[in-house]
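Hi,

Here is the structure I promised to pass on. Have a look at it first, then read my notes below.

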Amino acid sequence: MKRKILYSIFLVAVYFGVLIVLKYLDVFGIRFYSSGFPVIVYILFKTIFAFYFMVILLTAGAALQRIILPKSDIFSVGASAYIIACFFLGASTLALLMFILGFLKAYYFATAIIITAPLVGLAPFMLPALITTVKARFYQILKTSPTAVSLIYIALLIITAIVAIVLLLHKGIFPGELDSDVWMHYLHYYKEVSVNGGIWPNDLWYHFYLSKGAGLFFLVSLLTDVMSPPIVSWCFVVLTAIIVYDLLSDHRSYPLWPLLGALLVFLSLSAITNQYVTDNTTSSFFKHHIVLMGFIAFALWCGIRFAN
């Protein structure tokens, strides 16, 4: 227990440090055209924040799971199913909470801290079993597979992780968005929401009907800057890849197929394949399409799992 408390304090302290640095750098505001060391620091801390936000969503879902369905733990449903369920439970709950707070005009940096900091502190108490189960599953695959298959599995796992990180850097952090809609009105609406403290119609009133439910986008914007919504989209891409992995894992005699399916999810949205898509705008992480893709994949996953 003492160790978990120390981990909790450490994670929260680092979390505050990351937010302070990102707020100080203010790349969208005063350093948009900067280069050199500040940009490197910004990318590093934004990457750390992306993983923190993933942990926040998972912890929120895990905490709610213990309240709503205390008997359905990770050992009864499996690691990948538990991750999927907790993520979408946490993401949906936080999005709904932000939707309500948006109508109450309660969008402030302090509000975002009050929501997320306790979840960061809860992570060491909620997620250790998940990490242990994932590691056990990994070693089980290596033990039960031939040496050649195990080596290919490790290689595919490393490649998948690299492609996921590259996707985060290219689509989630680097602001090189070519979609004109993003620069003409999406970003301006996100900025107006942050400035006005709520989602009520503003100068871009028509976006109220398009984006008022993008609570997670507004949450990350309040915590860091208005260039952060792509991090939310990246989190949903990761979970879509895990959904594909989980569905293909039904064929246990072919351990490489699940990982290959997850890799293809990342590749389908990466810089490598996106150059062949018209205008390079199809997979804009600033818009809501990727999040909707994640929820559609989750709905299909629920249908298949309940059918079985």
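**Lys-23 and what surrounds it**

Let's start with Lys-23, which sits in helix H1 (residues 2-25). Bear in mind throughout that this is a predicted model. Is Lys-23 buried or exposed? Neither, quite: its relative accessibility is 35%, so it counts as partly exposed. Leaving out residues up to four places away in sequence, Lys-23 touches Phe-109, Ser-221, Leu-222, Leu-223 and Thr-224. Tyr-42 is 19 residues from Lys-23 in sequence, and their C-alpha atoms are 9.8 Å apart in space.

**The core**

The largest nonpolar core has 99 residues. Which of them touch the most other members? Those are Phe-49, Phe-53, Phe-87, Leu-216, Phe-218 and Trp-234. Helix H2 (residues 37-68) gives the most to this core, with 14 residues.

Trp-234 is worth clicking on. Apart from its neighbours within four places in sequence, Trp-234 is in contact with Ala-50, Phe-51, Met-54, Ala-164, Leu-167, Leu-168 and Phe-285.

**Helix packing around H4**

H2 and helix H4 pack with their axes 7 Å apart, at an angle of about 95°. That angle falls between 65 and 115 degrees, so H2 is roughly perpendicular to H4. On the H2 side the contact is made by Met-54, Ile-56, Leu-57, Leu-58, Ala-60, Gly-61, Ala-62, Leu-64 and Gln-65. They meet Tyr-82, Ile-83, Cys-86, Phe-87, Leu-89, Gly-90, Ala-91, Thr-93 and Leu-94 in H4. Sorted by class, this contact has 14 nonpolar residues, 4 polar and no charged ones.

H4 (residues 79-103) also packs with H10, at an angle of about 75° and with the axes 8 Å apart. H4 and H10 are therefore roughly perpendicular to each other. Here Ala-91, Leu-94, Ala-95 and Met-98 of H4 meet Gly-215, Leu-216, Phe-218, Leu-219 and Leu-222 of H10. The split for the contact of H4 with H10 is 8 nonpolar, 1 polar and no charged.

**Aromatic pairs**

How many aromatic pairs are there? The count comes to 19. One of them is Tyr-190 with Phe-217, an edge-to-face pair at 5.8 Å centre to centre, with 85° between the planes. This pair links distant parts of the chain, as Tyr-190 is in helix H8 (residues 180-196) and Phe-217 is in helix H10 (residues 215-223), 27 residues apart. Both Tyr-190 and Phe-217 are buried.

Tyr-190 also pairs with Phe-218: the ring centres are 6.1 Å apart and the planes are at 75°, so this pair is edge-to-face. Here too distant parts of the chain are linked, with Tyr-190 in H8 and Phe-218 in H10, 28 residues apart. Phe-218 is buried, as is Tyr-190.

There is an aromatic cluster to look at as well, formed by Phe-87, Phe-88, Phe-236, Phe-295, Phe-298 and Trp-301.

**A backbone detail**

Finally, Lys-105. This residue lies in the loop between H4 and helix H5 (109-126). Lys-105 has a positive phi of about 55°, although it is not a glycine. With a relative accessibility of 44%, Lys-105 counts as partly exposed, because that value lies between the 20% limit for buried and the 50% limit for exposed.

Cheers

Note on methods: Residues numbered from 1 in each chain as written. Predicted model: local features only at pLDDT ≥ 70, side-chain atom pairs only at ≥ 80, totals over all residues. Heavy atoms only, no water. Core = buried A, V, L, I, M, F, W, Y, C linked by side-chain atoms within 4.5 Å. Buried < 20%, exposed > 50% of the residue type's maximum accessible area, 1.4 Å probe, protein only. Helix = DSSP H or I, 4+ residues; strand = E, 2+ residues; numbered from the N terminus. Contact = heavy atoms within 4.5 Å. Phe/Tyr/Trp six-rings, centres within 6.5 Å; stacked < 30°, edge-to-face > 60°. Axes fitted to C-alpha atoms, helices over the stretch in contact; angles between N-to-C directions. Parallel < 35°, antiparallel > 145°, perpendicular 65-115°, else oblique. Nonpolar A, V, L, I, M, F, W, Y, C, P; charged D, E, K, R; others polar.
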